[in-house]
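Let's take a walk through a protein model together. Keep the 3D view open and turn it as you read.

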Amino acid sequence: MRKMMKRGLASLLGLATLGTVAVTTAAPAQAAVSDCPAGYFCAWTQENAQGSMLKTKTNMATMGSWGTRFGSYINRTSVYACLYESSDYKAYNGYWSESPSSNGSWTSGGTTTIASLKFVRTERECSQAAYPRWYAETSPTVAGFGDMNRDRRADALVRDLVGRLWFLPGDGTGRMVGSGGWNAMNALVRHGDFTGDAREDLVARERSTGRLWLYPGTGTGALGTRKLIGSGGWNGMSRITGVGDLSRDGRADLVAVENSTGKLWLYPGTSSGALGARKLIGSGGWNAMNALVGAGDTNADGRVDLIAREKSTGKLWFYPGTTSGGVGARKLIGSGGWNAMDTFLAVGDTTGDGRPDLSTVTNSNYVIDGGSGHGGWLVGYRGLGTGGFAAGERNDGEWWGLNGAF
């Protein structure tokens, strides 16, 4: 067991430091700590940064002649250092992650085993891929949404904590489709084809400007050059959601809640891939909902529907689409507990029965066996074709350390 103490660089200088770091007047090891250059991980064979110093900025499958016992270390790189108790990065034998040093902090005390180490962008990559596993059965029908590579299996997009975008085709694999910068977007939505080329697209809102961008799908899971479809003002809207063809004109639409009024607006898609003049479909009260989901035609009446979560109660409501391009009287489909869901993922038929399904990713309020704190679970809900869903089934507990699923 590791019993190490996080130290501040100032403590080795004999300076008073704030917080829990002890004050010391002895500084014989300061030269050793300062010898660790920026951009490197360094470890010493003894406590208090004494003894021989290892420095590296490349992965080490074994520690070679250094052995495996170290008394102190510091991570001065800009990424996570994954430290393993076995060679060859075997996470199942024990590991921990060391984040980049903050204000010169370092770790010392006792001895610890480091048998291999590697550097990664996100903490989850110490034990697994940057993206989670996603599986979907082949649907008997083409849903018109949720399938970015057109293989009749529902796909997912996930964003990691450093702003990379990953495409998950439904077979447990994934590949990067955005190398960075996606954290600049504070809304990402997808539900069908906005450009009229029979490929699913992505719409994103830029946090700093309130602009709305369309990223056309290529039909392979990747995205093309973006196009501006909203020049500003979209930061005044919340719960921007792709719903499919709610207006019943053959084009994908968006809905969004106006922050200042709680009104629900429909933004119809146009033949040019832009958005038309908005239409009021909810006169107020929609600020009471903290999630909107366009899950497709969940009651099998040929019209797309809307699902909403009520913030104060955690209830889930079904709003059927109408022939006039709005939503009808709501129906309760979840009596409570839905505030334990961090993300709603509605990408069509995942179970292969031809009906739209629903998936969620849990937050720390999710309860298993009477205890909360179980965030990062992917839970699947099979669509019943009535507007409701079957009881949830936990599919995978490794959907943690992400910045959204779409």
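## Two strands side by side

Start with W317, which stands opposite L332 in β23. This is a predicted model, so what you see here was computed. The two strands involved are β22 and β23 (residues 331–334), and they pair in the antiparallel sense over three bridges.

Now look at what surrounds β22 (residues 316–319): both of its faces are covered. On one side sit L316 and F318, on the other W317 and Y319, and all of these are buried.

## The four-strand sheet

Zoom out a little and you'll find that β22 and β23 belong to an open sheet of four strands, in the order β20-β21-β22-β23, with antiparallel pairing. Which strands sit at the edges? They are β20 (289–296) and β23, each of which pairs on one side only. Neighbouring strands here are turned by 30° against each other on average, if you ignore direction.

What holds a sheet like this together? In general, the strands of a sheet pair through backbone hydrogen bonds, either parallel or antiparallel. In this one, β20 and β21 run antiparallel and are joined by five bridges; in that pairing, M289 has E310 in β21 as its bridge partner. Strand β21 (residues 305–310) is in turn joined to β22 by four bridges, again antiparallel. The hairpin made by β21 and β22 has five residues between the strands, and G314 takes a positive phi near 75° there.

## A buried arginine

R309 lies in strand β21 and stands opposite L316 in β22. Does R309 find a charged partner, or does it go without one? R309 goes without: this residue is buried yet has no salt bridge, and D342, the nearest side chain of opposite charge, is 7.2 Å away.

R309 does have a polar contact, though: its side chain is joined to that of N290 at 2.7 Å. Leaving aside residues up to four places away in sequence, R309 touches a whole crowd, including A288, M289, A291, K315, W338, N339, M341 and F344.

## A smaller sheet

There's another open sheet to find, this one with three strands in the order β6-β5-β8 and antiparallel pairing. Its edge strands are β6 (95–98) and β8 (116–120), each pairing on one side only. From one strand to the next, the twist averages 20°.

Look at β5 (residues 80–84) next to β6: these two pair in the antiparallel sense over four bridges. Within that pairing, C82 stands opposite S97 in β6.

## Salt bridges

Side chains of opposite charge can pair when their charged atoms come close. How many salt bridges does the structure hold? The count is 11.

Take D88 and K90 as one case: their side chains meet in a salt bridge at 3.5 Å, N to O. D88 is partly exposed, with a relative accessible area of 43%, and K90 is partly exposed too, at 25%.

Next, try E200 and R190, which form a salt bridge with their closest N and O atoms 2.8 Å apart. Both residues lie in the loop between β12 (185–189) and β13 (202–206), so the pair ties together parts that are 10 residues apart in sequence. Why does E200 count as buried? Because its relative accessibility is 5%, which is under the 20% cut-off. R190 counts as buried as well, at 8%.

A third case is E258 with R278, where the closest N and O atoms are 3.6 Å apart. E258 lies in strand β17 and R278 in the loop between β18 and β19 (279–282), so this pair ties together parts that are 20 residues apart in sequence. E258 is buried, with a relative accessible area of 15%, whereas R278 is partly exposed at 36%. Elsewhere, salt bridges that share partners join E125, D160 and R164 into one network.

## An exposed serine

Finish at S260, in the loop between β17 (253–258) and β18 (264–267). Is S260 buried or exposed? S260 is exposed, because its relative accessible area is 67%, and the cut-off for exposed is over 50%. From here, look across to T322: the C-alpha atoms of S260 and T322 are separated by 26 Å, and the two residues are 62 residues apart along the chain.

Technical notes
Residues numbered from 1 in each chain as written. Predicted model: local features only at pLDDT ≥ 70, side-chain atom pairs only at ≥ 80, totals over all residues. Heavy atoms only, no water. Buried < 20%, exposed > 50% of the residue type's maximum accessible area, 1.4 Å probe, protein only. Pairing = 2+ DSSP bridges. Axes fitted to C-alpha atoms, helices over the stretch in contact; angles between N-to-C directions. Lys, Arg positive; Asp, Glu negative; His and termini not counted. Salt bridge = Lys/Arg side-chain N within 4 Å of Asp/Glu carboxyl O. Polar contact = N/O pair within 3.5 Å; in protein donor to acceptor, adjacent residues only side chain to side chain. Contact = heavy atoms within 4.5 Å.
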